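Reader: I would like a close look at one part of this protein, the metal site and the loop that helps to build it. Please take me through it slowly, and then show me how that part is connected to its surroundings.

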Amino acid sequence: MSDTTVEQPHQLDAAESATVRLVQITDCHIFATAEDCLQGLNTRQSFAAVRDAVVNHQDGLDLLLATGDLSQDGSTASYAYLVQAFEGMGIATFWLPGNHDDSNALREHFTGKWIHASKHVLIGNWQIVLLDSTIKGEVCGRVSAAQLDFLQRALKSYPDRHALVCLHHQALDCGSEWLDRKGLKDSDQLRAQLAQYDNLRAVLWGHVHQESHHIIDGVEWMSTPSSCVQFKPGSKDFALSREAPGYRHLSLYADGRIETAVHRVDHGNSETS
Ligand SMILES: [Fe+2]
């Protein structure tokens with residue numbers, strides 16, 4: 001990431017022994033106008049259903065993570081809508097860009113009392129690092145040398161804190177050929193670097209619009225459904241799934257354990273699973 005001014009960690013209040021509770025919302029694909037749809041789905045309506053489910057069903061959240069493709073068109077109007085929606089939740093929110101976002105517009109306009117630009121969060125016995133995996137003008141991603149350096153400095157500065165690392169693109173292939181072609185270039189390099197850190201507990205991403213959860217050598221690797229359309233798992237070519245929009249809840253325990261679940265919503269704003 002070119003902007004190095006946000007590397008100062010953001011400290012959120014919580015006792016060292018506290019369990020950190022957070023929600024990841026990803027791939028909202030909000031348009032400039034309220035009527036626009038993605039693959040026939042109104043993304044503002046599905047996002048609103050996800051947001052309402054979080055507000056109504058998840059008590060005691062410490063923070064929210066918004067992991068890219070927040071906007072479909074990178075428009076100022078889409079970010080203005082998102083600011084209002086996230087500020088209304090009154091929960092500390094941290095974000096990273098996706099390939100559909102305009103990084104400059106996102107940094108300039110997606111800001112508020114509760115929305116923070118910091119990419120290194122300290123809370124309880126944990127740290128959360130948010131990486132920029134986007135390449136301007138491309139759908140696929142890459143974690144640049146500058147981002148790998150940022151990751152290294154962050155994790156080495158706090159070796160005693162458990163670490164959750166977030167990015168937009170998939171750190172592990174999802175098994176859909178068309179989608180993995182649009183994934184992370186040099187993902188081997190990222191995984192090789194991540195393997196060096198004893199304090200790494202989990203890696204979390206969006207982009208693939210589907211749920212996955214693998215535990216490899218004690219580290220949890222997870223993707224999360226979009227708040228709008230879902231892609232069909234295991235599909236060779238582009239295909240949509242009929243699964244509902246969703247989000248992921250995580251509890252990060254002081255001893256490094258993680259509990260997590262994906263929750264889906266329907267368009268009546270009620271939780272379905
Ligand atoms: Fe997306």
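Author: A good place to begin is Gly206, which, leaving out residues up to four places away in sequence, touches Gln24, Thr26, Asp27, Thr67, Leu167 and His168. The model is a predicted one, and in it Gly206 sits in the loop between S13 and S14. Gly206 counts as buried because its relative accessible area is 0%. Arg191 offers a point of reference: Gly206 and Arg191 are 15 residues apart in sequence, and their C-alpha atoms are 17 Å apart in space.

The next residue to consider is His207, which is also found in the loop between S13 and S14. With a relative accessible area of 5%, His207 is buried. Its side chain has two polar partners to note, since the side chain of His207 makes a polar contact of 3.2 Å with the side chain of Asn99, and the side chain of His207 also reaches the backbone oxygen of Lys182 at 2.8 Å. Apart from its neighbours within four places in sequence, His207 is in contact with Asp27, Asn99, Val139, His168, His169, Gln170, Leu179, Lys182 and Phe231.

Asp27, which is on the contact list of Gly206 and on that of His207, leads to the metal. The iron ion has as its protein donors Asp27 (OD), His29 (NE2), Asp69 (OD) and His209 (NE2), and these lie 2.1 to 2.3 Å from the ion. His29 and His209 link distant parts of the chain, being 180 residues apart, with His29 in the loop between strand S2 (20-25) and strand S3 (37-38) and His209 in the loop between strand S13 (200-205) and strand S14 (212-216). Both His29 and His209 are buried. Written as a spacing along the sequence, the donor residues follow D-x1-H-x39-D-x139-H. As for the geometry, the arrangement is irregular because the four donor atoms around the iron ion subtend angles of 90 to 178 degrees. For comparison, ideal angles at a metal are 109.5 degrees for four tetrahedral donors, and 90 or 180 degrees for six octahedral ones.

Following the chain onward from this loop brings us to Ser212, which lies in strand S14. The side chains of Ser212 and Ser223 are joined by a polar contact of 2.6 Å, and, not counting residues up to four places away in sequence, Ser212 touches Trp205, Trp221, Met222, Ser223 and Arg248.

Strands S13 and S14 also belong to an open sheet of seven strands, ordered S1-S8-S9-S11-S13-S15-S14 and with mixed pairing. Strand S1 (10-12) and S14 are the edge strands of this sheet, each pairing on one side only. On average, and with direction ignored, neighbouring strands of the sheet are turned by 15 degrees against each other. Elsewhere in the sheet, strand S8 (residues 120-123) and strand S9 (residues 126-130) run antiparallel and are joined by four bridges, and Ile123 has Trp126 in S9 as its bridge partner. Helix H4 (residues 145-157) packs on the sheet, where it touches S8, S9 and strand S11 (162-166), and its direction makes about 170 degrees with that of S9.

Arg248, one of the residues that Ser212 touches, can serve as a lead to a last element, the hairpin formed by S18 and S19, which has five residues between its strands. Seven bridges join strand S18 (residues 246-252) to strand S19 (residues 258-264), and these two strands run antiparallel. The bridge partner of His249 in S19 is Ala261, while Gly256 in the turn has a positive phi of about 100 degrees.

Methods: Residues are numbered from 1 along each chain as its sequence is written. This is a predicted model: local features need pLDDT of at least 70, side-chain atom pairs count only at pLDDT 80 or more; totals for chains, interfaces and linings use all residues. Side-chain values use heavy atoms; hydrogens and water are left out. Donors are N, O and S atoms within 2.8 Å of the metal (3.2 Å for Na, K and Ca); water is not among the atoms, so sites may look incomplete. Four donors count as tetrahedral if all angles lie between 85 and 135 degrees; four count as square planar and six as octahedral if opposite donors are over 155 degrees apart and all others between 65 and 115; anything else is irregular. Buried means under 20% relative accessible area, exposed over 50%, partly exposed in between (1.4 Å probe, protein chains only). A polar contact is a pair of N or O atoms within 3.5 Å; within protein, one must be able to donate a hydrogen and the other to accept it, and residues adjacent in sequence count only if both atoms are side-chain atoms. Contact means heavy atoms within 4.5 Å. Two strands pair if DSSP finds at least two bridges between them. Axes are lines fitted to C-alpha atoms, for helices over the stretch in contact, and angles run from 0 to 180 degrees between N-to-C directions.
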